[in-house]
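Biologist: I have just opened this one and would love a guided look. Could you take me through how its labels were arrived at?

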Amino acid sequence: MKALITFEGIEGCGKTTQIRMAGEYLGNQKIPYIITEEPGGSPLGKKIREILLNQEPYLIGARAELLLFSAARAQHVEEVILPALQAGKLVLCDRFSDATLAYQGFGRALNIDFIKTLNDFSSPSLKPDLTLLFDLPVKIGLSRARDRITRVRNSPREDRFENEELAFHRQVREGYLSLVKEEPERFRVIDASQDIATIHREVCRYLASFIRR
Ligand SMILES: Nc1ncnc2c1ncn2[C@@H]1O[C@H](COP(=O)(O)OP(=O)(O)O)[C@@H](O)[C@H]1O
Ligand SMILES: [Mg+2]
């Protein structure tokens with residue numbers, strides 16, 4: 001079974017929590033899979049992740065930000081995602097091209113059509129087969145994300161986006177929801193304000209019905 005399944009949503013919506021639990025579920029079903037993330041995923045992507053997610057003492061403008069995310073994606077697709085798909089694995093990816101549209105398109109107000117072209121360039125002939133969108137009010141997401149940053153001591157801070165205005169995150173959330181309207185058949189929208197176990201059951205139901213198809 002080869003397919004690309006992406007996990008999307010604003011900061012703190014539970015992507016990383018749920019992708020790990022989804023991996024355990026697939027492992028129990030003996031379905032070969034990998035879990036990967038953007039930015040990150042490849043050695044180059046990890047360097048770019050540090051630049052993009054940590055508060056650095058220099059400016060990163062919207063255009064530079066978009067191109068850095070795209071560079072990370074290009075390497076990640078070539079080095080990690082395509083080989084895993086070729087090996088017949090399910091690829092679970094924590095954020096992918098929809099995040100670029102939601103954050104840099106809807107959040108930063110860069111040209112959406114240009115971002116779509118750039119997304120196609122960075123991941124040639126590769127689109128997610130299924131996308132789980134964890135939707136919740138931004139205040140809840142941000143307070144969970146801030147909680148995590150203060151609680152998990154040795155983790156990198158990765159708070160450059162968390163420190164954006166509420167209005168920015170609302171645009172990102174609305175952006176994701178408008179992507180769902182464009183491609184309703186690819187997305188499953190999950191109410192991420194529910195508890196972790198309830199959300200996990202919903203994720204498993206969607207994965208099971210996708211795998212049966
Ligand atoms: N459904 C949930 N209810 C309450 N807290 C949650 C839920 N899902 C995740 N969390 C907690 O919220 C924080 C952010 O979750 P995380 O999975 O890291 O989100 P994301 O990867 O989307 O930013 C973590 O501390 C996590 O334990
Ligand atoms: Mg995460």
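Modeller: Happily; we will go from the sheet to a helix and then to the ligand, keeping in mind that this is a predicted model.

Biologist: What makes β1 and β3 a pair?

Modeller: Two strands pair if there are at least two bridges between them. Strand β1 (residues 3–8) and strand β3 (residues 90–94) are joined by five bridges, so they meet that definition. They run parallel, and L4 stands opposite V91 in β3.

Biologist: What is the order of the strands in the open sheet?

Modeller: The five strands follow the order β2-β3-β1-β4-β5, with parallel pairing. From one strand to the next, the twist averages 20 degrees.

Biologist: Why are β2 and β5 called edge strands?

Modeller: Each pairs on one side only: that holds for β2 (33–37) and for β5 (187–191).

Biologist: How do you know that helix α8 packs on the sheet?

Modeller: Helix α8 (residues 196–212) touches β4 (130–135) and β5. Its direction makes about 165 degrees with that of β5; on a scale that runs from 0 to 180 degrees between N-to-C directions, this angle therefore lies toward the upper end.

Biologist: Which residues come nearest to ligand 1?

Modeller: Of the 15 residues around ligand 1, those are G14, K15, T16, T17 and R144. Helices α1 (15–28), α6 (138–151) and α8 each supply at least two residues of the shell, and α6 gives the most, with four.

Biologist: How does that shell divide by residue character?

Modeller: Into four nonpolar, five polar and six charged residues.

Terms used:
Residues numbered from 1 in each chain as written. Chains lettered and ligands numbered in written order. Predicted model: local features only at pLDDT ≥ 70, side-chain atom pairs only at ≥ 80, totals over all residues. Contact = placed C-beta atoms within 7 Å. Near = placed C-beta within 6 Å. Nonpolar A, V, L, I, M, F, W, Y, C, P; charged D, E, K, R; others polar.
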